[in-house]
Amino acid sequence: MTSTLTRTVRVGILGFGTVGSGAYRMLQDNRDAILRRVGVPFEVTKIGIRDTAKPRQLPAEMFTTDLTSIVDDPAIEVVLELIGGVDPAAELVERALRNGKHVVTANKELIAKHGARLISLAKSKGLDLHYEAAVGGGIPLVQPLKHQLAGNDVLKMMGILNGTTNYILTKMQREGADFADVLAEAQAKGYAEADPTNDVDGFDTMYKISVLASIAFHKHLPVEGVYREGIRGVSLLDMQYADALGYTIKFLAIVDAIAEDTILARVHPTLIPKTHPLASVNDVYNALYLHGDFVGDLMFSGRGAGSDPTASAVVGDLLDVGRNIAGGGSGSAIPFDEEPLKTCPIDDLRTAFYLRLVVQDRPKVLGIIATEFGEHDVSLAAMEMKTLDESRGEIVFLTHPCLEKNFRELLVGLKQSGVVEEVCSSIRVVS
Ligand SMILES: NC(=O)c1ccc[n+]([C@@H]2O[C@H](COP(=O)([O-])OP(=O)(O)OC[C@H]3O[C@@H](n4cnc5c(N)ncnc54)[C@H](OP(=O)(O)O)[C@@H]3O)[C@@H](O)[C@H]2O)c1
């Protein structure tokens, strides 16, 4: 039975963009249901923004450009940090915690870079610091990893964690369009930022996998420990070859447990069999697939971004804070140590590769290439050849799993072999 808190919990929101306005709307639209279910009346008393000239649907006196005044306001018990980035978010969140306020944030970069320190600070003050919306938008990932799955040894995680890049790759695949054209269209429709670096070069995915792996492996994964390669190099031709070979190309974050406290974390385009559950996660949808020693294989999927799904996660966290306030809870448990995880370099990875070459079309070429493969301890699983013109051919290889370092050296050897005109692309493959 829910007991109703007799006083109102006052909330300050930093940021009133896609997520901030969505969270506000959800709190208003579902106010009665939330009170009935959680027994806590919430009231947003102040909202921090940057630009006073933007039209807003609320009275002007709700807004301030002085965000410090919100985190210093003694009447506010909970701060929702929804501005994004590190500066000034880190300083504001720290100040809110030092002032005894619970914090809910959707900020992956903040948690990836400063989470361990801020979570310790929250814990030391008996406060909640929640960040469910930071990864996977509306998909519950943080809480299940922190709680229901915490007894497992997680052995592998693979995620599609960025909606923009999944939308781009899905569109290339479905419509036979080039990367540049799909990116331009996504920008025109507002699905991709004018500067798409954060998404297409994998920074956003890197922050998110840092947050998830830190929880799953119980120690902080610094972003510097994540190998990162974006999707700018993925061509339509590679998608078509991959398709013919039974694969689809997805932009994955992958973490493998290597030994106690040691992982290998990477973000890159990946060939994945069409039969794998992640292969059918399309458009802006996100998913996390993991294998735990007791739970086995598990997949979460849903809307990884957008105003409503992200608001759902932010408000869910706020309700948790409300329950703690009402029930006299003592703040969130620390899900991971500040001490960093040990990470293996990408050179140590054992993986299969897809490789596309343009070669001279003359006798003995295949023999020379096969010798290079053998000398670098890389063996072949499949091969396709096509004549391009009277002097050149295109060859696509799938290798068996090999050491990344050996494969890199093989590419150097192929370039120097005198028969390879161009190493067009190489993409890691998961089975
Ligand atoms: N968008 C999504 O679908 C999504 C999904 C998951 C997580 N997130 C995370 O949620 C957070 C917010 O994202 P968003 O998409 O809502 O961003 P957004 O639409 O760009 O909104 C940002 C808001 O913060 C305000 N702001 C930014 N910097 C400020 C500063 N220095 N001082 C005062 N106000 C400032 C902006 O003020 P003005 O309104 O005056 O410009 C705006 O209201 C980010 O951490 C993001 O990574 C977003």
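**Exercise 1. In this predicted model, find how many bridges join β7 to β10, and which way the two strands run.**

Step 1. Put β7 and β10 on the chain: β7 covers residues 154-160, and β10 covers residues 247-259.
Step 2. Count the links. Four bridges join these two strands, and the pairing is antiparallel.
Step 3. Check one pair by eye: M158 has I254 of β10 as its bridge partner.

**Exercise 2. Now work out which way β7 and β12 run, and whether β7 is mostly covered or not.**

Step 1. β12 spans residues 285-292, and six bridges tie this strand to β7, again in antiparallel fashion.
Step 2. For a spot check, go to V154, whose bridge partner in β12 is G292.
Step 3. Turn to burial. Five of the seven residues in β7 are buried, so the strand is mostly covered, taking buried as under 20% relative accessible area.

**Exercise 3. Give the strand order of the six-stranded open sheet and name its edge strands.**

Step 1. Walk across the sheet: the order is β3-β2-β1-β4-β5-β6, with parallel pairing.
Step 2. Look for strands that pair on one side only; these are β3 (63-64) and β6 (129-130).
Step 3. Zoom in on one pairing. β1 (residues 9-14) and β2 (residues 42-48) run parallel and share six bridges.
Step 4. Within that pairing, R10 sits opposite E43 of β2.

**Exercise 4. Describe the largest nonpolar core, and say which helix gives the most to it.**

Step 1. As background, nonpolar side chains in soluble globular proteins tend to be buried together.
Step 2. The largest core here holds 81 residues, and L97, Y131, M157, I168, F217 and L271 have the most contacts inside it.
Step 3. The top contributor is helix α10 (residues 203-217), which supplies nine residues.
Step 4. Another core of 33 residues lies apart from this one, with I34, I49, V104 and L319 among its members.
Step 5. Go back to Y131 and skip its neighbours within four places in sequence: its contacts include T105, I111, V142, V211, I215 and F336.

**Exercise 5. Find the largest cavity and sort its lining by class.**

Step 1. There is one cavity of 30 Å³ or more, and the largest holds about 30 Å³ of space.
Step 2. Its lining consists of L145, L149, A150, N152, V154, I215, A216 and H218.
Step 3. Sorted by class, that gives six nonpolar residues, two polar and no charged.
Step 4. Tie this back to earlier exercises: V154 of the lining is the residue bridged to G292, and I215 of the lining is in contact with Y131.

**Exercise 6. Which element gives the most residues to the lining of the largest pocket?**

Step 1. The largest pocket has about 1,500 Å³ of space. Of the 50 residues lining this pocket, T18, V19, I83, K108 and E193 come closest to its centre.
Step 2. List the elements giving two or more residues: α1 (18-29), α5 (108-124), α7 (163-175), α9 (197-200), α10 and α12 (307-327).
Step 3. Pick the winner: α12, with four residues.
Step 4. By class, the lining has 18 nonpolar, 18 polar and 14 charged residues.

**Exercise 7. Is G374 buried or exposed?**

Step 1. Locate G374 in helix α13 (residues 365-375).
Step 2. Its relative accessible area is 52%, and exposed means over 50%, so G374 is exposed.
Step 3. For a sense of distance, take F336, 38 residues away along the chain: the two C-alpha atoms are separated by 44 Å.

How values were computed:
Residues numbered from 1 in each chain as written. Predicted model: local features only at pLDDT ≥ 70, side-chain atom pairs only at ≥ 80, totals over all residues. Heavy atoms only, no water. Core = buried A, V, L, I, M, F, W, Y, C linked by side-chain atoms within 4.5 Å. Buried < 20%, exposed > 50% of the residue type's maximum accessible area, 1.4 Å probe, protein only. Contact = heavy atoms within 4.5 Å. 1 Å grid on protein atoms, 1.4 Å probe; cavity = no way out; pocket = protein on both sides within 12 Å on 5 of 7 lines; lining within 4 Å. Points joined across faces, edges and corners; volume = space filled by probe spheres on them. Nonpolar A, V, L, I, M, F, W, Y, C, P; charged D, E, K, R; others polar. Pairing = 2+ DSSP bridges.
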